[in-house]
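Welcome, and thanks for taking a look at this chain. Please keep the viewer open while you read, and follow the residues as they come up.

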Amino acid sequence: MSITKSVVAAAAIAMLGTGALAEMKIYPYKSAENYCPDGLQPVTISGVICCGSPTTSQSYQSAMAHPTPKKKHRAHKARSVETCAEGVKGCY
């Protein structure tokens, strides 16, 4: 776990030096818990969750959501219940 954090930190420092971090979108990450230090919040940088300050107001979850609308289902019409005599065809 600490190796992953070290790699992310090194990549962030390298990007900061090149100015690439300023162009990247940093999304706020919605979560129930906030384990970040004071003044920081959970954010995502290229899909990696870490602590920081977001550059966009749109959350990562909504940015990655599928853009197609949900399918609407039609309600089925209730069939009338008929009592059919035994041997009569066409009734249900």
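## The sheet

Let us begin with a pair of strands in this predicted model. Strand β2, covering residues 41–45, runs antiparallel to β3, and the two are joined over five bridges. To find one of these contacts on screen, pick Q41: its bridge partner in β3 is G52. Strands of a sheet pair through backbone hydrogen bonds, in either a parallel or an antiparallel way.

Zooming out, the open sheet has three strands in the order β1-β2-β3, and the pairing is antiparallel. The edge strands are β1 (27–28) and β3, each of which pairs on one side only.

## The chain as a whole

How many helices and strands does the secondary structure of the chain come to? There are three helices and three strands, and along the sequence they follow the pattern α-α-β-β-β-α.

Some totals may help you place the details that follow. The chain has 92 residues, and buried residues make up 13% of them. Its accessible surface comes to about 8,200 Å², with 59% of that belonging to carbon and sulfur atoms. Among contacts with a separation of 6 or more, 33% are between residues 24 or more positions apart.

## The disulfide and its cysteines

The count of disulfides in the model comes to one. C36 and C51 form this bond, with their sulfur atoms 2.1 Å apart. The pair links distant parts of the chain: C36 sits in the loop between β1 and β2, while C51 belongs to strand β3, 15 residues apart. Is the disulfide left-handed or right-handed? The torsion about the S-S bond of C36 and C51 is about -85°, so the disulfide is left-handed.

The two partners can also be described by their accessibility. C36 counts as buried because its relative accessibility is 14%, under the 20% cut-off. C51 has a relative accessibility of 37% and therefore counts as partly exposed.

What about C50, and why does its sulfur not form a bond? The closest cysteine sulfur is in C51, and at 6.9 Å it is too far for a bond. C50 counts as partly exposed, with a relative accessibility of 21%.

## Around C51

C51 is worth a second look in your viewer. Leaving aside neighbours within four places in sequence, C51 is in contact with C36, P37, L40, Q41 and V43. One of these, Q41, was named earlier as the bridge partner of G52. For a distance to check, try C51 and N34: they are 17 residues apart in sequence, and their C-alpha atoms are 9.1 Å apart in space.

## A serine after the sheet

Now move along to S59. This residue is found in the loop between β3 (48–52) and α3 (60–63). Is S59 buried or exposed? With a relative accessible area of 5%, S59 is buried, because buried means under 20%.

Which residues does S59 touch, not counting those up to four places away in sequence? They are Y27, P28 and K30. Strand β1 spans 27–28, which gives you a place to look when you trace the contacts of S59 with Y27 and P28.

Technical notes. Residues numbered from 1 in each chain as written. Predicted model: local features only at pLDDT ≥ 70, side-chain atom pairs only at ≥ 80, totals over all residues. Heavy atoms only, no water. Helix = DSSP H or I, 4+ residues; strand = E, 2+ residues; numbered from the N terminus. Buried < 20%, exposed > 50% of the residue type's maximum accessible area, 1.4 Å probe, protein only. Contact = heavy atoms within 4.5 Å. Pairing = 2+ DSSP bridges. Disulfide = S-S within 2.5 Å. Areas by Shrake-Rupley, 256 points an atom, 1.4 Å probe, with all protein chains shown as cover.
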